[in-house]
Amino acid sequence: MGSFLRIKIDSPYAVIGDIHGCVKEFEKLVSIIRKEYGEDCLIISAGDTVDRGDYNIETIELCMSMYEEGNFLEVQSNHNHKFVRWLKGEYVKISYGMQKTVEQFDKLPESKKEELKERYISYYSECPLYLIINDNTVVAHAGIKDEMIGKTGKKIKSFVLYGETTGRVTEEGFPERIDWTKNRILKPDSPKIVYGHVVFEEPYINNLCYGIDTGCVLGNKLTAYIPDEERFIFQKAEKVYFSFK
C-alpha cells in the first residue's frame with residue numbers, strides 16, 4: 001500500500017517504537033499491554049522491525065501472525081522497505097545492521113526462504129505509508145508534517161520513511177537529523193504525531209509530537225505509547241545487540 005490508512009477505534013490502543021529484531025522484548029511488551037487492555041487491544045508498530053537485532057526473522061513472522069489475527073498494524077519504514085527491495089532482487093547496500101537480517105534469511109531452508117519471501121512481500125505491500133487514527137493521532141515512521149497529512153507522493157514518502165538529515169554524522173554514529181517538530185505551529189485541531197526512527201534515551205515530546213524509538217537494540221528499552229491515556233509502557237533491553245562504534 002503506497003497510501004495512508006484512516007481508521008476509527010473506540011478503545012485504547014498502543015503504538016510501539018522501533019523493534020529492530022528484539023523479539024523477546026517485543027513479546028514481553030505485547031504481553032503487558034494485553035494483560036492490561038485485553039487480548040484484542042490494537043497494537044501498532046511504528047516500523048523498523050528488522051535489522052541490527054538477533055531475531056529479525058522471528059520478529060517479522062510474529063508481526064505477520066498478529067496482523068492475520070486482526071489486532072496488529074504496521075506502518076512502512078526505511079529498514080523494512082530496504083529488506084523488501086532486497087527480497088525482490090533489487091540492489092541495496094547491506095549496511096546499518098541489515099547484514100544480520102540477510103544472514104538469518106540465508107540460513108533458512110530453500111523452501112522456507114521462498115515461502116517467507118512471498119508472504120512478507122505481500123504483507124508489506126498491505127502496510128500503510130502512515131496511519132490516521134480517529135482524526136486526532138497520526139503514526140508515521142520518521143514523522144510527518146501537517147501539510148503532508150492526508151496526502152501521498154514521492155516527497156511525502158521520502159520524508160515519512162527517512163525524515164530530514166543534515167548530511168553529517170553524530171559522535172554516536174547516527175545521521176545528524178533535523179528536528180522537524182521544533183517549527184510545528186499547533187492549531188486547536190492539530191493531531192498528535194507518533195513516530196520512531198530517531199533514537200532517544202526517553203520518549204521525546206515536543207509540539208504534540210512523540211518520538212518513541214528508545215533504542216532497545218542499542219541496549220536501552222522498547223517503548224509503547226497509549227495515546228488515549230497519555231501513558232508510556234517500557235520493556236528494558238536484555239542486552240546490547242548492536243553498536244555503531
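A crossing of two helices counts as left-handed if the near helix is turned anticlockwise from the far one by less than a right angle. Keep that in mind for the first close-up, and note that everything shown here comes from a predicted model.

**Figure 1. Helices H1 and H2 pack against each other.** Here we zoom in on H1, residues 23–37, and H2, residues 56–69. Their axes sit 9 Å apart and meet at an angle of about 30°, which makes H1 roughly parallel to H2. As for handedness, H1 and H2 cross in the left-handed sense. On the H1 side, the contact is made by Val-23, Phe-26, Glu-27, Val-30 and Arg-34. H2 answers with Glu-58, Thr-59, Leu-62, Cys-63, Met-66 and Glu-69. Sort the residues of this H1–H2 contact by class and you get 6 nonpolar, 1 polar and 4 charged.

**Figure 2. Five strands make an open, mixed sheet.** Reading across, the order is S4-S3-S2-S12-S13. The edges belong to S4 (72–74) and S13 (231–236), each of which pairs on one side only. From one strand to the next, the twist averages 25°. Inside this sheet, S2 (residues 14–16) and S12 (residues 221–226) run antiparallel to each other, and 2 bridges join them. If you want a landmark, look for Val-15, which stands opposite Tyr-225 in S12.

**Figure 3. Helix H1 lies across the five-stranded sheet.** This view brings H1 back, now set against S2, S3 (43–45), S4, S12 and S13. Relative to S13, the helix runs at about 140°.

**Figure 4. Six strands make another open sheet with mixed pairing.** This time the order goes S1-S5-S6-S9-S11-S10. S1 (5–7) and S10 (204–206) each have a single partner strand, so one side of each is left without a neighbour in the sheet. The twist here averages 20° from one strand to the next. Take a look at S9 (residues 192–199) and S11 (residues 209–213): they pair in the parallel sense over 4 bridges. Within that pair, Tyr-195 stands opposite Gly-211 in S11.

**Figure 5. Glu-147 sits in a loop.** The loop in question links strand S6 (137–139) and helix H6 (154–162). Is Glu-147 buried or exposed? With a relative accessible area of 52%, Glu-147 is exposed, because the cut-off for that label is over 50%. Arg-177 is included as a reference point: Glu-147 and Arg-177 are 30 residues apart in sequence, and their C-alpha atoms are 20 Å apart in space.

Key
Residues are numbered from 1 along each chain as its sequence is written. This is a predicted model: local features need pLDDT of at least 70, side-chain atom pairs count only at pLDDT 80 or more; totals for chains, interfaces and linings use all residues. Side-chain values use heavy atoms; hydrogens and water are left out. Axes are lines fitted to C-alpha atoms, for helices over the stretch in contact, and angles run from 0 to 180 degrees between N-to-C directions. Angles under 35 degrees count as roughly parallel, over 145 as roughly antiparallel, 65 to 115 as roughly perpendicular and the rest as oblique. Contact means heavy atoms within 4.5 Å. Ala, Val, Leu, Ile, Met, Phe, Trp, Tyr, Cys and Pro count as nonpolar, Asp, Glu, Lys and Arg as charged, and the others, Gly among them, as polar. Two strands pair if DSSP finds at least two bridges between them. Buried means under 20% relative accessible area, exposed over 50%, partly exposed in between (1.4 Å probe, protein chains only).
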